[in-house]
Amino acid sequence: GEITSSLIDKLLNEPGSHKILVLTEKDVPPLRAQIHSHGKRHQQKVIFYQGNIESKSQIERLNLNKAYEVFIVGEDEGYSRDTKNLNSAKMAGEVFEETKDRDSRRMLQLNVLFDRYPSFSTIQRLNFPNNYFGKSIYFHPFNFQENWARLMWGFTSRNEQTYSRLDFIPLDENKHVHLVIVG
């Protein structure tokens, strides 16, 4: 979907970007056309696999032991998308732990989209056991609306560009500021 297209575009614009593997349950040719419509460099750097995102054997085919970072965004029309994403994250962590070099101390960042805000809010409050996703996994849940809200209000943890803070003194006498977001 749109999140995947934007994410791929952002990753390919980073200096030193490498290949991107996309595992999808959807039909690959229309998805490939959508992604490649963003530019020629996408054609050479994005590889598609069709398969089940909840299948451990399909996730093993992705060679996560060589991955720099993993994003699990799920399918747009997917039923129980957040649950599937969490299950996929658990399997990806297991696969990484099983396939990485035994003496490697490398960590894998596992970014998982939680589309519904109640799911995201719940996940943030949960205390997973230390090795729930694996000892070498940095689990990073994210939510599209939360990320935009942080950008709008200037609360970001990384050195990302933010908008000017919106807590300015209002111009009118009743001291109310109305924020309208159109998008």
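Here a trainee and a mentor talk through a predicted model of one protein chain.

Trainee: Let's start with the overall layout. How many helices and strands are there in the chain?
Mentor: Good place to begin! Reading from the N terminus on, the elements run α-β-α-α-β-α-β-α-β-α-β-α. Sorting them by type gives 7 helices and 5 strands.

Trainee: What share of the residues counts as buried?
Mentor: The chain has 183 residues. A residue is called buried when its relative accessible area is under 20%. By that cut-off, the buried share is 36%.

Trainee: Which residues have the most contacts inside the largest nonpolar core?
Mentor: This core has 23 residues. Strands S3, S4 and S5 and helices H5 and H6 each give two or more residues to it. In general, nonpolar side chains tend to be buried together in soluble globular proteins. Inside this core, the residues with the most contacts are Leu-64 and Leu-110.

Trainee: Which element gives the largest share of this core?
Mentor: Look along residues 81-99, which form one of the contributing helices. That helix supplies 6 residues. The element you want is H5.

Trainee: Leaving aside its neighbours within four places in sequence, what is Leu-64 in contact with?
Mentor: Contact here means heavy atoms within 4.5 Å. With the neighbours within four places set aside, the partners of Leu-64 are Ile-59, Val-70, Ala-92, Val-95, Phe-96 and Arg-106.

Trainee: How many residues are in the other core, the one that lies apart?
Mentor: You can find it through some of its members, including Ile-35, Phe-48, Val-73 and Leu-113. The count for this other core is 14 residues.

Trainee: Is strand S4 largely enclosed or largely open?
Mentor: Follow its side chains: Leu-108, Leu-110 and Val-112 point one way, while Gln-109, Asn-111 and Leu-113 point the other way. Residues on both sides are buried. Because 6 of the 6 residues of S4 are buried, the rest of the structure leaves S4 largely enclosed.

Trainee: Which residues of S3 are buried, given that its side chains alternate?
Mentor: Take the two faces in turn. Glu-69 and Phe-71 point to one face and are not buried. The other face holds the buried pair, Val-70 and Ile-72.

Trainee: How many bridges join S4 to S5?
Mentor: Let's look at both pairings of S4. Strand S3 runs parallel to S4 and is joined to it by 4 bridges, with Ile-72 and Val-112 as one of the partner pairs. S5 also runs parallel to S4, and there Asn-111 partners His-140. The number of bridges joining S4 to S5 is 6.

Trainee: Why do the buried residues of helix H2 sit on the same side, and what arc do they cover?
Mentor: The buried residues of H2 are Val-28, Leu-31, Ile-35 and His-36. The face turned away from them carries the exposed residues Pro-29 and Pro-30. The buried ones are on the same side of H2 because their arc around the axis is only 125°.

Trainee: Last one: which side chain does the side chain of Ser-121 make a polar contact with?
Mentor: First find Ser-121 in helix H6. Its relative accessibility is 17%, so Ser-121 counts as buried. At 3.4 Å, the polar contact of its side chain is with the side chain of Arg-125.

Definitions and conventions. Residues are numbered from 1 along each chain as its sequence is written. This is a predicted model: local features need pLDDT of at least 70, side-chain atom pairs count only at pLDDT 80 or more; totals for chains, interfaces and linings use all residues. Side-chain values use heavy atoms; hydrogens and water are left out. A nonpolar core is a set of buried Ala, Val, Leu, Ile, Met, Phe, Trp, Tyr and Cys residues joined through side-chain atoms within 4.5 Å. Buried means under 20% relative accessible area, exposed over 50%, partly exposed in between (1.4 Å probe, protein chains only). A polar contact is a pair of N or O atoms within 3.5 Å; within protein, one must be able to donate a hydrogen and the other to accept it, and residues adjacent in sequence count only if both atoms are side-chain atoms. The arc is that of the directions from the helix axis to the C-beta atoms. Two strands pair if DSSP finds at least two bridges between them.
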